[in-house]
Amino acid sequence: MQKIQNFINGEYIDPIKGNYIDNVDPGTGKVFASIPNSTQEDLEKAVSASQCAFPEWSSMAADKRSRILHKLADLIEDNLEELARMESRDNGKPFWLAKAVDIPRASANFRFYASAIVNFSSEAQVSEGFMVNYTRRAPLGTVGCISPWNLPLYLFSWKIAPALAMGNCVIAKPSELTPMTAYMLGELSKEAGMPAGVLNILHGEGKGIGQAIVEHTATKAISFTGGTATGKIVGATASQQFKKVSLELGGKNPNIVFSDCDLEEAVKTSVKSSFTNQGEICLCGSRILIEDAIYDEFKEKFVKECQKLVVGDPSDDNSNLGALVSESHLQKVDSYVKLAIEEGGRILHGGNRIEKDGFYYEPTVIEGLDENCRTNLEEIFGPVVTLNRFKDENEAIRISNSTRYGLSCTIWTSDLKRAHRVSHAVQSGIIWVNCWLVRDLRTPFGGMKDSGIGREGGNEALRFFSEPQNVCIKL
Ligand code: NAD
């Protein structure tokens, strides 16, 4: 059985207290690795390594840092197969998906910020004959990056790439459920020429080492992606020390289908937005709102497409969906399906665990629920979608905004004016019109309401990981 280590000061080392936790393969339900359950002692080592590394890394010319990050992006591409295989085994997602999306995107994250940092400029204001102001943007020092299990290397790199590009040193913690690709990244960062101590990767449980990273006075900013309940604790802890904090949290995203849409395209993409990655993407549309006039037609076509989906071994290229990440997550998903039935929902497809080793669940489609029932308000984060009717635009907007979340929304219509109107009325940080999950990394990424605070992406992330300092010179 594989035993992984922390990556501190450019070396793989055992956790000081020698505590480990099991890592389970969701595809088989069997333990396949053990991972450090790090403690304060490991964190102190990482903090001192990062502080020693900071002066050199932060004062290095941006184009030199950029070259190291480009090299890391290259190495991720060179190791695509192996990283994708490990990500699929760790998370339960199909190998083909990890290979086509997760790992290429991790490489793209490093490449994007490697380029962004050499194009980043700070602002200057000239009041002719009176004064010049310019804003210096300095890196913060040591920062903490904490990521979830659903898109392991993709989200891990989305945080650490801008932090490193800006000249910070990083202490990062991947989810204890999916540590393997973050573990592999340590070695690749060393091969790319990253100085020791710049990137430190600690493994372990959130309430232990995750909380310790947030509490430590040395971490000057915390970039966190995970559940809303955890985000509340992270935000409260970080604010005690006035740390900068960015929270990317849960969602209950509406997918609004108007009768004037391209129905074939709306159905095809809605199947993807409901079930890609077993529905374990924060941006998945979990409430499909359909205009009355096309409800029956959409439903028939949608269910027919869902019946074609294959749930199976993550290593099999024919599997559309793999396994859910853990037994406890599967139990949570199943409990919501049972709740939906109690709440009056009708199962149109799926609704059951698949009886084989591992954590497999059928893609599940439910209709007939009240817009305000728990199934329609709470995040399930699995392969479960509800179909709901609406009469007109106002009702669609009202239902869309009826949850505590505001992460993303998809709108299907061929009426351009309506697309703008509805986009502006829906309380979501990200709106897709006639598409889903299309991303330009320059754009701000993040949610409204309980879906989080702060934005990632583009220059937003470079600003987050730096401190502005205004310098005023009298002319
Ligand atoms: P989670 O909140 O349980 O854990 C996320 C990370 O936080 C893990 O690394 C965990 O170990 C750590 N953690 C847990 N308790 C902590 C604490 N007290 N202090 C510091 N760190 C702690 O979330 P999860 O189950 O891993 O991920 C699923 C959730 O993430 C869903 O709600 C999903 O919507 C959300 N998510 C959001 C986005 C986004 O961009 N908005 C993206 C992906 C996932």
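A residue is counted as near the ligand if one of its heavy atoms lies within 4 Å of it, and in this predicted model 29 residues surround the ligand in that sense, the closest being Ser147, Glu176, Thr230, Leu249 and Glu379. By class, this shell is made up of 13 nonpolar, eleven polar and five charged residues.

As for where the ligand is placed, it sits in the largest pocket, and because both domain 1 (2–249 + 451–474) and domain 2 (254–442) give residues to the shell, the ligand lies between the two domains. Among the secondary-structure elements, α7 (206–215), β11 (219–225) and α8 (228–240) each supply at least two residues of the shell, and of the contributions to the shell that of α7, with five residues, is the greatest.

The polar contacts can then be followed atom by atom. A backbone N or O atom of Ser147 lies 2.8 Å from an oxygen atom of the ligand, whereas in Gln211 a polar side-chain atom is found 2.8 Å from a ligand nitrogen atom. For Glu379, an N or O atom of the side chain is 2.5 Å from an oxygen atom of the ligand. Taken on its own, the ligand has 850 Å² of accessible area, of which the protein covers 89%.

Definitions and conventions
Residues numbered from 1 in each chain as written. Predicted model: local features only at pLDDT ≥ 70, side-chain atom pairs only at ≥ 80, totals over all residues. Heavy atoms only, no water. Polar contact = N/O pair within 3.5 Å; in protein donor to acceptor, adjacent residues only side chain to side chain. Areas by Shrake-Rupley, 256 points an atom, 1.4 Å probe, with all protein chains shown as cover. 1 Å grid on protein atoms, 1.4 Å probe; cavity = no way out; pocket = protein on both sides within 12 Å on 5 of 7 lines; lining within 4 Å. Sits in = over half its atoms within 2 Å of the grid points. Helix = DSSP H or I, 4+ residues; strand = E, 2+ residues; numbered from the N terminus. Nonpolar A, V, L, I, M, F, W, Y, C, P; charged D, E, K, R; others polar. Domains from an automatic or database assignment.
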